[in-house]
Amino acid sequence: MNTLNFPWLSAMIALPAIAAMAIPFLPDKEGKTLRWYTLGVAIADFALMIAAFWHNYDFQSADFQLVEKYAWIPQLGMNWSLAVDGISMPLVLLTGLINTLAVFAAWKVTNKPRLFYAMMLLMYSAQIGVFTAQDMLLFFLMWEVELVPVYLLISIWGGAKRRYAATKFIIYTAAASIFILVCGLAMAFSGDTFTFDMVQLGLKEYPLALELAVYTGFLIAYGVKLSIFPFHTWLPDAHGEAPAPGSMILAGVLLKMGGYALIRFNMEMLPNAHVYFAPILAVLGVVNIIYGACCAFAQTNLKRRLAYSSIAHMGFVLIGIASYTELGISGAVLQMVSHGLIAAALFFLSGVTYERTHTLMMDKMGGMAKVMPRTFALFTVGSMASLALPGMSGFVGELMIFLGITTSDVYSSSFKIVVVFLSAVGVILTPIYLLSMLREVFYGKQSEELHLDGFVQDIKPRELFITACLLIPIIGIGLYPKVITQLYDVKTVQIAEHAREALPVVAGQQPASLYSQIFTAPTLADANVAELVK
């Protein structure tokens with residue numbers, strides 16, 4: 001049976017959205033039917049993704065696939081346009097896995113369960129829409145829809161300072177979204193043709209001044225979501241107050257939306273401006289790595305320490321995007337997938353620990369390894385993956401990024417040495433703050449301030465299953481990275497080649513010094529810039 005003409009992507013978006021609208025009409029008082037219903041919808045949507053990509057996606061093609069395009073609001077030039085390629089497809093699968101496990105993790109929600117599960121499904125739908133949208137207005141719409149459920153999850157089901165954290169989140173992200181709309185409109189109106197189609201926007205030729213301005217706007221918008229310094233301060237507060245399922249989605253999916261958009265818009269659609277901004281991205285990546293690691297040391301709250309760890313890990317994504325090499329860009333995509341799995345596992349386990357101890361303050365814990373040995377073992381495995389232990393997915397992603405930037409022929413040797421050296425310092429700091437976290441929580445004498453309610457049960461079968469679903473792919477990717485890299489290798493090669501085509505063009509415009517007007521440290525390694533595109 002030919003299934004290529006079936007609207008797979010529309011079905012992935014519509015299924016959780018329609019299911020969410022049906023929740024108010026379900027007969028259920030205690031929430032039991034609601035949670036099984038929501039879990040069933042999430043599993044069905046994830047299964048739909050696997051079936052669609054398994055039977056209809058060509059892993060050897062760099063083109064957009066499963067393309068759908070329908071006129072939606074012709075008066076605005078807005079189309080319901082969807083497609084996936086090697087960059088978006090792995091992130092769609094990551095979204096399906098993390099959201100499904102987050103629903104399963106929210107098994108004990110009793111406060112306003114109808115609203116909670118409806119928001120979980122709506123957020124699921126919007127996230128898929130972000131990764132598959134091929135119309136600029138549709139992308140912006142999905143980006144905005146996703147903000148509302150996150151705000152409600154934090155403000156209603158969060159911790160003691162949930163309203164402050166939720167308000168800060170919505171102010172940062174909503175304000176940043178304005179740049180997406182303004183820059184999208186600038187691109188749409190530029191030139192002789194008006195369009196919101198992202199493929200057509202990528203083919204347009206923009207004046208350099210406009211391209212630099214649009215790149216700056218996108219960098220601010222997506223930098224907030226990726227938690228680039230100094231737009232990162234919402235993240236520790238949101239993580240510190242969000243419920244465990246919300247933290248899983250925040251770290252596992254939402255941060256990756258920023259990295260995806262930087263590759264899709266800034267690098268792929270604005271290659272000339274990327275030449276100017278690439279070294280700045282590399283520097284910001286180093287700042288994220290060092291700053292995030294140093295701030296993590298100062299945190300006594302378990303989830304805030306993990307939040308700053310996420311900020312540091314996103315720095316590697318920036319360096320990979322800035323590398324101009326297939327290996328570096330591939331490492332950036334792998335780092336996003338890997339961190340999504342690792343962070344979701346660690347935040348879920350922090351939620352498991354919180355349920356037993358009723359605190360996230362590490363100085364009030366201690367000695368939990370004796371009480372919860374299996375939780376301790378799983379937390380240790382997750383931490384080893386986060387600190388990039390060989391054999392784990394985190395090691396492969398960071399290694400590819402390091403090799404990508406060191407083998408890049410775009411930057412001077414001195415610039416590459418500084419970037420690699422400072423990034424390596426961050427790699428050294430990571431195991432220190434993660435191992436000290438394990439020591440404070442699980443080793444030593446149990447704090448007298450820790451009041452456990454009688455017998456403390458170790459991790460339960462449901463919780464063990466959720467953790468295993470995250471740790472198994474982490475170890476699998478670490479041992480055999482090709483299982484994930486083969487999904488997008490063809491696409492990352494195409495993106496790197498496309499970005500490098502702009503190098504001789506911009507170098508010809510600035511023959512004396514390519515970065516003389518913005519950044520003086522890196523220079524083209526080879527005087528013959530034409531060789532860069534061979």
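**Exercise 1.** In which helix is the place of K416? Describe the surroundings of this residue in the predicted model.

*Solution.* Step 1: K416 belongs to helix α18, which covers residues 413–442. Step 2: apart from neighbours within four places in sequence, K416 is in contact with I405, T406, S408 and Y411. Step 3: K416 is buried but forms no salt bridge. A salt bridge requires a side-chain nitrogen of Lys or Arg within 4 Å of a carboxyl oxygen of Asp or Glu, whereas D409, the nearest side chain of opposite charge to K416, is 7.3 Å away.

**Exercise 2.** Determine how many disulfides the structure holds, and examine C294.

*Solution.* Step 1: the number of disulfides is zero. Step 2: for C294, the nearest cysteine sulfur is that of C295, at 7.0 Å. Step 3: a disulfide needs two cysteine sulfur atoms within 2.5 Å, and C294 is in no disulfide. Step 4: C294 is partly exposed, its relative accessible area being 41%. C469 is likewise partly exposed, with a value of 23%.

**Exercise 3.** Establish the span of helix α17 and state whether this helix is largely enclosed or not.

*Solution.* Step 1: helix α17 comprises 14 residues, 393–406. Step 2: from first C-alpha to last, α17 reaches 20 Å, close to the 20 Å expected at 1.5 Å a residue. Step 3: of the 14 residues of α17, 10 are buried, so the helix is largely enclosed by the rest of the structure. Step 4: the buried residues include V396, E398, M400, F402 and I405. Step 5: the packing partners of the buried residues of α17 are α13, α14, α16, α18 and α19.

Key:
Residues numbered from 1 in each chain as written. Predicted model: local features only at pLDDT ≥ 70, side-chain atom pairs only at ≥ 80, totals over all residues. Heavy atoms only, no water. Helix = DSSP H or I, 4+ residues; strand = E, 2+ residues; numbered from the N terminus. Buried < 20%, exposed > 50% of the residue type's maximum accessible area, 1.4 Å probe, protein only. Lys, Arg positive; Asp, Glu negative; His and termini not counted. Contact = heavy atoms within 4.5 Å. Expected span 1.5 Å × (residues − 1).
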